[in-house]
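User: I would like to go through the salt bridges in this structure. Could we take them one at a time?

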Amino acid sequence: MYRQKQRLIKPLITTAAVVLLPLAAACGSEKAGSGGEQADSGAVGAERPVTDVRWNIDSVTADGTTHKTDDNAHLTFDKKTGKVGGRLGCNHVNAKATVRDGHITLGAPATTRMMCDASLMKTERALLRLFDGQVSFRIDQETLTLTSANGTSARAVAAE
């Protein structure tokens, strides 16, 4: 009787191992993409990463006023170089950028010095308020929101 039970239990244990082992291996392999955290691109429901994506800025809010930006306004955070570059509507900009834990530390901006239409320059000045400090970021599907300690925020959409 003991041998008969042993013959029944061995296949049952083997079947359970074959079924449960892949499930156990899969547990914990996904990274959560909540809020500003970056998730692996292969994870189920993963958010787009903030780095190495061209973010087209569509609006900036400063001092309680929202300004639409020029179609050329964009930023790209380069993970490899640790910099951000882009265009604020009129002028090009670049700065150091460290992306970590839902925050981005932006260095002092270096910009070109072209003069443009007054409305573009006003929007550009508002966007420059994001630099030289820490901003929090949140990604919701294809939309990035940057918010600085001084209350300035920018909304950007991932380029296709």
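**Salt bridges and their surroundings**

Analyst: In this predicted model, D58 counts as buried, because its relative accessibility of 18% is under the 20% limit.

User: Which residue does D58 meet in a salt bridge?

Analyst: The side chain of D58 meets that of R155, at 2.2 Å from N to O. D58 belongs to strand β1 and R155 to strand β10 (residues 153-158), so this salt bridge links distant parts of the chain, 97 residues apart.

User: And R155, is it buried or exposed?

Analyst: R155 is partly exposed, with a relative accessible area of 38%.

User: How many salt bridges are there in the whole structure?

Analyst: A search of the whole structure finds three. One of them joins the side chains of E142 and R48, at 2.7 Å from N to O. E142 sits in the loop between β8 (133-140) and β9 (143-148), while R48 sits in the loop between α1 (2-26) and β1 (54-62); the two are 94 residues apart.

User: What is the accessibility of E142 and of R48?

Analyst: E142 has a relative accessible area of 37% and is partly exposed. R48 is also partly exposed, at 28%.

User: Turning to D63, which residue is its salt-bridge partner?

Analyst: The partner is R129, with the closest N and O atoms 3.0 Å apart. D63 lies in the loop between β1 and β2 (65-68) and R129 in the loop between α2 (118-128) and β8, so the pair ties together parts 66 residues apart in sequence.

User: Why does D63 count as exposed?

Analyst: D63 counts as exposed because its relative accessible area of 66% is over 50%. R129, at 29%, is partly exposed.

Conventions
Residues are numbered from 1 along each chain as its sequence is written. This is a predicted model: local features need pLDDT of at least 70, side-chain atom pairs count only at pLDDT 80 or more; totals for chains, interfaces and linings use all residues. Side-chain values use heavy atoms; hydrogens and water are left out. A salt bridge is a side-chain nitrogen of Lys or Arg within 4 Å of a carboxyl oxygen of Asp or Glu. Helices (H or I, at least four residues) and strands (E, at least two) are DSSP runs, numbered from the N terminus. Buried means under 20% relative accessible area, exposed over 50%, partly exposed in between (1.4 Å probe, protein chains only).
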